[in-house]
Amino acid sequence: MNEYHSPTPDGEQLFQVPVHHDQNGALVVPADAVTALLRCIAAVWDEWAQHGVPGMDPVTTSGLCEVLTALADQLDIQCIAKASQD
């Protein structure tokens with residue numbers, strides 16, 4: 001398993017995304033890591049917009065954050081549904 005680490009400008013790690021190979025050699029990322037990544041991006045963008053980072057319009061950023069969060073929620077729901085079928 002490999003992991004991708006995303007550093008912040010000060011070197012702090014925001015998140016880790018585990019990457020695996022499936023039986024056919026394809027790369028796969030666990031769904032919970034994807035949803036955590038989407039929520040982390042939304043949270044960071046929101047924080048930047050709230051602190052007045054140049055180029056981060058609060059209204060636009062808020063809309064983008066809502067989309068990322070909704071996508072993460074939708075993926076969670078799909079995974080729960082799939083898990084309950086198995």
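**Exercise 1.** What pattern does the chain follow, read along the sequence?

*Solution.* The chain follows β-β-β-α-α. That gives 2 helices and 3 strands, where helices (H or I, at least four residues) and strands (E, at least two) are DSSP runs numbered from the N terminus. The model is predicted: local features need pLDDT of at least 70, side-chain atom pairs count only at pLDDT 80 or more, and totals for chains, interfaces and linings use all residues. Residues are numbered from 1 along each chain as its sequence is written, and side-chain values use heavy atoms, with hydrogens and water left out.

**Exercise 2.** Compare the expected span of each helix with the distance between its end C-alpha atoms.

*Solution.* The expected span is 1.5 Å times one less than the number of residues.
- Helix 1 (residues 31-50) has 20 residues, so it should span 28 Å; its end C-alpha atoms are 29 Å apart, which agrees.
- Helix 2 (residues 58-85) has 28 residues, so it should span 40 Å; its end C-alpha atoms are 40 Å apart, in agreement.

After helix 1 comes G52, with a positive phi near 75°.

**Exercise 3.** List the buried residues of helix 1 and helix 2, then find the largest nonpolar core.

*Solution.* Buried means under 20% relative accessible area, exposed over 50%, and partly exposed in between (1.4 Å probe, protein chains only).
- In helix 1, the residues A33, T35, L38, C40, A42, V44 and A49 are buried.
- In helix 2, T61, C65, L68 and A72 are buried. Their cover includes helix 1.

A nonpolar core is a set of buried Ala, Val, Leu, Ile, Met, Phe, Trp, Tyr and Cys residues joined through side-chain atoms within 4.5 Å. The largest one has 5 residues: L38, A42, C65, L68 and A72. Helix 1 and helix 2 are the elements that give two or more residues to this core, and helix 2 provides the largest share, 3 residues. Beyond its neighbours within four places in sequence, A72 is in contact (heavy atoms within 4.5 Å) with T35, L38 and R39.

**Exercise 4.** Describe the surroundings of T61.

*Solution.* T61 lies in helix 2. With a relative accessible area of 5%, T61 is buried. Its side chain reaches the backbone oxygen of D57 at 2.7 Å. Not counting residues up to four places away in sequence, T61 touches W45, D46, A49 and M56.

**Exercise 5.** What share of the 86 residues in the chain is buried?

*Solution.* Buried residues make up 20% of the chain. Of the contacts with a separation of 6 or more, 28% join residues 24 or more positions apart.

Terms used
A polar contact is a pair of N or O atoms within 3.5 Å; within protein, one must be able to donate a hydrogen and the other to accept it, and residues adjacent in sequence count only if both atoms are side-chain atoms.
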